[in-house]
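Trainee: I'd love a close look at how the strands are put together here, and at what surrounds them. Could you take me through it slowly?

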Amino acid sequence: MSFARLLVRGIHLSSRRHALSKFTMPAMSPTMTEGGISSWKKKEGDSYSTGDVLLEIETDKATIDVEAQDDGILAKIISGDGAKNITVGATIAIIAEPGDDISGAEALAKDSSMPQPNQEEKPQAKDAPPAANISEPGPPSPPVSPSELQVQSPKSLTGDILKGGRIFASPIAKKIALERGIPLAELKGSGPEGRIIRNDVESYKPSTSALSGTTATITSPGPSLDPPYTEIPVSNMRRTIGQRLTKSKQEVPHYYVTVEIDMERLLKLREVFNQKLEKSDKLSVNDFVVKACALALRDVPEANAAWMGETIRQYSRADISVAVATPTGLITPIIRDATNKGLATISVETKALAKKARDGKLKGEEYQGGTFTISNMGMFGVDHFTAIVNPPQACILAVSSTVPTLVPVGPDAAPEDVARGFKTAHIMKVTLSADHRVVDGALGARWLGILKGYLENPLTFML
């Protein structure tokens, strides 16, 4: 090898040995703006290879593994396990390539975590005089007579402070302060970013100067009447669910339509099918509901739509979102093109997606999208409930439990039922919540009527 090539190689290796890189919070979905770190799978100083799982990212919908794209070293972790509300693109670690010098990782990490200066703040002019040093003693002030002393009321003190901005306090802190007559303006918050919390209010003691100028009798606060409680941190998923459902309930003009469905034939057909299936493959009532909803959407495509603001988007395929409860919140994995899938396929896919949802392992494409949602609480013995529309979708179906109910019979019923005048039927209530901007009441009622026909005559699934 020539001397020139050796020299170039030496320069290249020398530069590489100091090449540290910032590892930023990745965007795990197109709509993700922030996330949390569930846990790091590598420790500081550990080497990793392509394909190794570096950490688990907690998004608003699931916990996702982040794999290494190249070989390297995890030089420094900036945001540790449990960190939340990390903006996409923010530096969460320092990485290096194999053989790099990682001694500068600590300095790079500190540099990455330092807050950026506010660009809107104007720098102080060079010729401006320095600020006065408040620690330097000045000339003694003239004595003030007692009559000139005025105790500033909480109202005026609050007004003076509020001139510079709003006082931030938790709702419970505001409530306790109002009940006990404590001026929030005199408190110093110990919560995040100086927020006044409950403990600050309960530990408040009036200042001596404020008490000396007033003759009002101050009653010491009594014991708190609030029961013991535990503050539970809100996960990214639950925070996002809360924001979206609150917005939906406030902005979407909901209306609700309920029908009762006789499930006698469906339950018998399900029993016949399940006799020949393994326990893990048995069909559930929800599998039939998913299939029936897809068929009804095919027959009434106007209900398979979404509100897009300036347009109504009508879908030509039924992608059914199925609500699944997880420890961190509700998530809706999707059965794609359910119209063209059999009951067995729907059952297998639903079970697999539900397990991945509870384990926090859903991929973005497995829960993003969907044209119609089903929320089934029948397994909990719920007789009736209504669900909140999941925008931009226009409809969601709330499915309740199947309950034995006495119903009147006609002349075409079994002789023993005709003699009694009634029979016991297995009735299931379903309630359609619809966005009135997209689905009118008559259209929603027509769709429910078709769904009822499919579920009461399940052999039509086979046609």
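Mentor: In this predicted model, one open sheet has 4 strands, in the order β1-β8-β6-β3, and the pairing is antiparallel. Its edges are β1 (20-24) and β3 (47-48), each of which pairs on one side only. Further in, strand β6 (residues 72-77) runs antiparallel to strand β8 (residues 91-96), and 4 bridges join the two. If you'd like a pair of residues to click on, Ile73 stands opposite Ala96 in β8.

Now for another open sheet. Here 6 strands are arranged in the order β9-β18-β17-β16-β12-β15, and their pairing is mixed. At the edges you'll find β9 (254-262) and β15 (334-335), and each of these has a partner on one side only. A good place to zoom in is where strand β12 (residues 320-322) meets β16: the two pair in the parallel sense, over 3 bridges. Within that pairing, the bridge partner of Ile320 is Phe372, in β16. As a general reminder, the strands of a sheet pair through backbone hydrogen bonds, either parallel or antiparallel.

Keep Ile320 and Phe372 selected, since both return in the packing. In the largest nonpolar core, which has 58 residues, they are among the members that touch the most others, along with Leu397, Val430, Trp447, Leu448 and Leu451. Helix α9 (residues 285-299) gives the most to this core, with 10 residues. Take Leu448 as an example: setting aside residues up to four places away in sequence, it touches Val257, Thr258, Val259, Leu397, Val430 and Leu432. A second core, separate from that one, has 17 residues, including Leu55, Val66, Leu74 and Ile86. In soluble globular proteins, nonpolar side chains tend to be buried together.

Next, stay with strand β17, where Ser401 lies. The relative accessible area of Ser401 is 9%, which is under the 20% cut-off, so Ser401 counts as buried. Neighbours within four places in sequence aside, Ser401 is in contact with Gly378, Gly381, Val382, Asp383, Ile427, Met428 and Lys429. Of these, Met428 makes a handy distance check: its C-alpha atom and that of Ser401 are separated by 5.8 Å, although the two residues are 27 apart along the chain.

Some of the elements we've met also help to line a pocket, the second largest one. About 620 Å³ of space lies in it. Its lining has 26 residues, with Asn286, Ala323, Arg358, Asn376 and Met379 lying nearest the centre. The elements that give two or more residues to this lining are α9, β13 (324-326), α10 (343-358), β16 (372-376) and β17 (395-408). The largest share, 5 residues, comes from α10. If you're thinking about the chemistry of the lining, it divides into 13 nonpolar, 10 polar and 3 charged residues.

Finally, step back to the chain as a whole. Its secondary structure comes to 13 helices and 18 strands. Of its 463 residues, 36% are buried. Among contacts with a separation of 6 or more, 64% are between residues 24 or more positions apart. The pair we looked at, Ser401 and Met428, is 27 residues apart.

Terms used. Residues numbered from 1 in each chain as written. Predicted model: local features only at pLDDT ≥ 70, side-chain atom pairs only at ≥ 80, totals over all residues. Heavy atoms only, no water. Core = buried A, V, L, I, M, F, W, Y, C linked by side-chain atoms within 4.5 Å. Buried < 20%, exposed > 50% of the residue type's maximum accessible area, 1.4 Å probe, protein only. Contact = heavy atoms within 4.5 Å. 1 Å grid on protein atoms, 1.4 Å probe; cavity = no way out; pocket = protein on both sides within 12 Å on 5 of 7 lines; lining within 4 Å. Points joined across faces, edges and corners; volume = space filled by probe spheres on them. Nonpolar A, V, L, I, M, F, W, Y, C, P; charged D, E, K, R; others polar. Pairing = 2+ DSSP bridges.
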